[in-house]
Amino acid sequence: MNTENDALLASTPACSLAPERGSLSHLMRARPGAPPVEWLFAPGFTPYAEALAFMESRVEAISAGRAGELVWLVEHPPLYTAGTSAKETDLRDPRFPVHKTGRGGQFTYHGPGQRVAYVMLDLNQRRQDIRAFVCALEDWLILTLAAFNIRGERRADRVGVWVQRPEKPRGPDRSMAEDKIAALGIRLRKWITFHGISLNVEPDLSHFTGIVPCGIADAHYGVTSLVDLGIPVTMAEVDSVLRREFEAVFGPGDSHRNGA
């Protein structure tokens with residue numbers, strides 16, 4: 001890969017390409033003595049265009065050595081984003097603003113009650129391995145869900161993190177109904193990562209019906225959230241667990257800070 005240019009995460013789940021699923025995430029830990037990852041919490045709702053501009057600026061600063069690695073936690077107002085693989089036919093009802101974005105993947109919804117974590121890490125200082133990075137993001141989400149007694153799982157043919165829903169109608173092949181609880185889409189520039197993950201805490205799930213989420217239209221595949229699964233948690237509680245489990249996968253971070 002020419003790291004002078006952008007690299008995008010393809011729609012194929014990266015961990016499904018690994019010999020042992022999830023076996024690569026340990027490669028993403030920070031090197032001994034590396035500076036801690038900064039954590040930044042954005043208050044209120046962050047407009048999507050502002051988020052893109054901030055990430056572009058920060059990635060440039062990290063690449064130039066003027067800034068360190070960052071995890072930026074935000075909530076967006078209701079909107080749809082179209083990744084590089086998005087199909088226009090998957091936009092069913094553009095009731096909210098639609099933003100074309102350079103991340104990998106297809107259509108995604110962002111909105112209140114959903115925690116978005118933009119992850120800006122320097123893989124030059126960790127390992128230049130996109131598959132390992134995506135495995136680590138998935139492990140981070142799976143560990144976070146496990147802390148709330150939810151079993152999140154990968155799927156070889158679908159991106160994101162999924163939960164089984166045995167109480168729902170099965171597919172035509174009698175396969176288990178499953179709902180997506182977390183999505184991911186990334187971009188790299190000179191081996192600096194940006195974009196990241198989204199975890200459904202308590203969004204309005206009806207807002208997902210305006211799109212075919214991530215291009216998956218099968219009726220027995222849906223969308224869920226922590227609250228929909230009967231876990232009444234606050235965003236602050238989720239943030240605390242995200243922070244703890246991030247450090248378990250990627251290494252330590254610094255103290256919390258608000259603002260952008």
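Q: Two strands pair if DSSP finds at least two bridges between them; what makes strand 3 and strand 7 a pair?
A: Strand 3 (residues 70-74) and strand 7 are joined by 5 bridges, so they satisfy the requirement of at least two. They run antiparallel, and leucine 73 has alanine 117 of strand 7 as its bridge partner. This is a predicted model, in which local features need pLDDT of at least 70 and side-chain atom pairs count only at pLDDT 80 or more, while totals for chains, interfaces and linings use all residues. Residues are numbered from 1 along each chain as its sequence is written, and side-chain values use heavy atoms, with hydrogens and water left out.

Q: What does strand 7 join besides strand 3, and in which sense?
A: Strand 7 is also joined to strand 11 by 5 bridges, and the two run antiparallel. Alanine 117 appears here too, standing opposite isoleucine 197 in strand 11. The strand numbers count from the N terminus: helices are DSSP runs of H or I with at least four residues, and strands are runs of E with at least two. By that count the chain has 3 helices and 12 strands.

Q: Why is strand 7 called largely enclosed?
A: Here the burial scale does the work: buried means under 20% relative accessible area, exposed means over 50%, and partly exposed lies in between (1.4 Å probe, protein chains only). In strand 7 (residues 114-120), 7 of the 7 residues are buried, so the strand is largely enclosed by the rest of the structure. Both of its faces are covered, with Gln114, Val116, Tyr118 and Met120 buried on one side and Arg115, Ala117 and Val119 buried on the other. For the chain as a whole, 55% of the 260 residues count as buried.

Q: What about strand 9: why is it called largely enclosed?
A: For strand 9, 6 of the 7 residues are buried, so it too is largely enclosed by the rest of the structure. Strand 9 pairs with strand 10 in the antiparallel sense over 4 bridges, and valine 163 stands opposite aspartate 179 in strand 10. Strand 8 (residues 153-155) is joined to strand 9 by 2 bridges, again antiparallel. Those two strands form a hairpin with 2 residues between them, and arginine 155 stands opposite arginine 158 in strand 9.

Q: What makes a group of residues a nonpolar core, and which members of the largest one touch the most others?
A: A nonpolar core is a set of buried Ala, Val, Leu, Ile, Met, Phe, Trp, Tyr and Cys residues joined through side-chain atoms within 4.5 Å. The largest has 44 residues, of which Val71, Phe133, Trp140, Leu226, Phe246 and Phe250 touch the most other members. Helix 2 gives the most to this core, with 10 residues. A second, separate core of 17 residues includes Met55, Leu70, Val74 and Val116. In soluble globular proteins, nonpolar side chains tend to be buried together.

Q: What does valine 71 touch?
A: With contact meaning heavy atoms within 4.5 Å, and leaving out residues up to four places away in sequence, valine 71 touches Val37, Glu38, Trp39, Leu40, Ala117, Tyr118, Val119, Trp140 and Phe246.

Q: What makes a space count as a cavity, and how many of 30 Å³ or more are there?
A: On a 1 Å grid over the protein atoms alone, a cavity is a set of points where a 1.4 Å probe fits but cannot get out, and its lining residues have an atom within 4 Å of a point. The count comes to 1 cavity of 30 Å³ or more. The largest cavity has a volume of about 90 Å³. It is lined by 15 residues, and the closest to its centre are Thr108, Lys180, Ala183, Asn200 and Phe208. Strand 10 supplies the largest share of the lining, 4 residues.

Q: What makes lysine 190 and tryptophan 191 stand out in phi, and which burial class does each get?
A: Most residues other than glycine have a negative phi. Phi of lysine 190 is near 55°, and phi of tryptophan 191 is near 70°, both positive values. Lysine 190 lies in the loop between strand 10 and strand 11, as does tryptophan 191. Lysine 190 has a relative accessible area of 36%, so it is partly exposed. Tryptophan 191, at 10% relative accessibility, counts as buried.

Terms used:
1 Å grid on protein atoms, 1.4 Å probe; cavity = no way out; pocket = protein on both sides within 12 Å on 5 of 7 lines; lining within 4 Å. Points joined across faces, edges and corners; volume = space filled by probe spheres on them.
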